[in-house]
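Subject: Structure for you to look at

Dear colleague,

I am handing over the structure we spoke of, and below it I have set out what was found in it. Please read the notes with the model open beside them.

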Amino acid sequence: MYDMHIHSDFSIDTDILMEDMVKSALEKNGKTICFTDHVEFGIGPEKIDVVFRVEDYFKKFRQLRYSYAGKIEILAGAELGLQPGELDKYRDFAASAPFDHVIAAIHTVRNMDVYTELSRRYPAKEAIRMYYEDMLSCLEDYSDYDSLAHIDFIDRYFLPDNPAPPFESYRELVEPVLRVLIENGKALEVNTGGLRRLPYSHPKKEILQLYAQMGGELLTMASDAHKPADIYHAFRETEKMLKEMGFKYIFKYKERKKYPIHLI
Ligand SMILES: [Zn+2]
Ligand SMILES: [Zn+2]
């Protein structure tokens, strides 16, 4: 199993040490984990930057890689919470260290976080439009990343009285995002974190089908674990589903290069 998206206490939203994540991955007989801690520039009305110190991050990462050499492959990455007005800062950050895998994500839209603000302040259809418009705008202007995280994760934050509309009603917003990924050779992440709140992983099946129809082949596997128990969550059944859908490979990223792994 190759988990290309997990977090540690270098992220603002978990206290779990990197080593505890490594131990859990080992217990689960995984082959690879990639730490992708959060990097967010210009958050909220005060435009705060929430970024880990790259020197400290790599120091800890290198210690662990040395200690666990031959037992499990540990990779270093970052999850960039892109926003249209902040892209230069992300360019500088992504180029500042020898990352293995850089993830693009949309966590903030027009100064609102997706979780408690965008998804709650607007009718779901309107929130979805703003979310995918900003995603497309970021990915048209920013290319220093390898995979796009949890494309439809906004779905999980809508409250029951404002549910997500059916996919067909906003398919035309998702299609151009997938096209940008395919044309630029970027991967679409399959994030099983969705299953912790919804009956499906991200992307939902309709989006995966559309991606396959459009010729998309690059997928990464991600638990988005913020605690040890969630590493590799539901990987076996999700990979089986991908294979049944006709996908042949998932991909591992190391030193920003992609390596295919045959789905068995
Ligand atoms: Zn994320
Ligand atoms: Zn994440």
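Is Ala 234 buried, partly exposed or exposed, judged by the other C-beta atoms within 10 Å? Please bear in mind throughout that this is a predicted model. Ala 234 turns out to be partly exposed, because 17 other C-beta atoms lie within 10 Å, and a residue would need 20 or more to be buried and 12 or fewer to be exposed.

Ala 234 sits in the loop between strand E10 (219–222) and helix H8 (235–244), and although it is not a glycine, its phi is positive, at about 60 degrees. Arg 256, in the loop between strand E11 (249–254) and strand E12 (257–262), is likewise not a glycine and has a positive phi of about 65 degrees. Arg 256 counts as partly exposed, since it has 15 C-beta neighbours inside 10 Å.

On the helices, I would begin with H5, which has 18 residues and spans 26 Å from its first C-alpha to its last, close to the 26 Å expected at 1.5 Å a residue. Its buried residues are Ala 124, Ala 127, Ile 128, Tyr 131, Tyr 132, Met 135, Cys 138 and Leu 139, and because they fall within an arc of 125 degrees when seen down the axis of H5, they line one face of the helix. The face turned away from that buried side carries the exposed residues Lys 125, Glu 126 and Asp 141. The partners against which the buried residues of H5 pack are helix H3 (87–94), strand E5 (101–105), strand E6 (108–109), H4 and H6.

The packing with H4 (residues 114–121) can be described further: the axes of H4 and H5 come within 7 Å and cross at roughly 125 degrees, which makes H4 oblique to H5. Val 114, Leu 118 and Ser 119 of H4 make this contact with Ala 127, Met 130 and Tyr 131 of H5, and by class the contact comprises five nonpolar residues, one polar residue and no charged ones.

Helix H6 (residues 171–184) has 14 residues and reaches 20 Å from its first C-alpha to its last, close to the 20 Å expected at 1.5 Å a residue. Val 174, Val 177, Leu 178 and Leu 181 are buried in H6, and they lie on the same side of H6 because they cover an arc of only 100 degrees around the axis. Glu 172, Glu 183 and Asn 184 are exposed on the face turned away from the buried side. The buried residues of H6 pack against H5 (124–141), strand E8 (147–148), strand E9 (187–191) and helix H7 (205–213). After H6 comes Gly 185, whose phi is positive, near 70 degrees.

One of these buried residues, Val 177, also appears among the contacts of Ile 151, which, leaving aside neighbours within four places in sequence, are Val 177, Leu 188, His 202, Pro 203 and Ile 207. Ile 151 belongs to the loop between E8 and H6 and counts as buried, because it has 26 C-beta neighbours inside 10 Å. The C-alpha atoms of Ile 151 and Ile 207 are 9.0 Å apart, with their positions 56 residues apart in sequence. Please also look at the peptide bond from His 202 to Pro 203, which is cis, with omega near 0 degrees; Pro 203 is in the loop between E9 and H7.

With best regards

How values were computed. Residues are numbered from 1 along each chain as its sequence is written. Chains are lettered from A and ligands numbered from 1 in the order in which they are written. This is a predicted model: local features need pLDDT of at least 70, side-chain atom pairs count only at pLDDT 80 or more; totals for chains, interfaces and linings use all residues. Helices (H or I, at least four residues) and strands (E, at least two) are DSSP runs, numbered from the N terminus. The expected span of a helix is 1.5 Å times one less than its number of residues. The arc is that of the directions from the helix axis to the C-beta atoms. Two residues are in contact if their C-beta atoms, placed from the backbone, lie within 7 Å. Axes are lines fitted to C-alpha atoms, for helices over the stretch in contact, and angles run from 0 to 180 degrees between N-to-C directions. Angles under 35 degrees count as roughly parallel, over 145 as roughly antiparallel, 65 to 115 as roughly perpendicular and the rest as oblique. Ala, Val, Leu, Ile, Met, Phe, Trp, Tyr, Cys and Pro count as nonpolar, Asp, Glu, Lys and Arg as charged, and the others, Gly among them, as polar.
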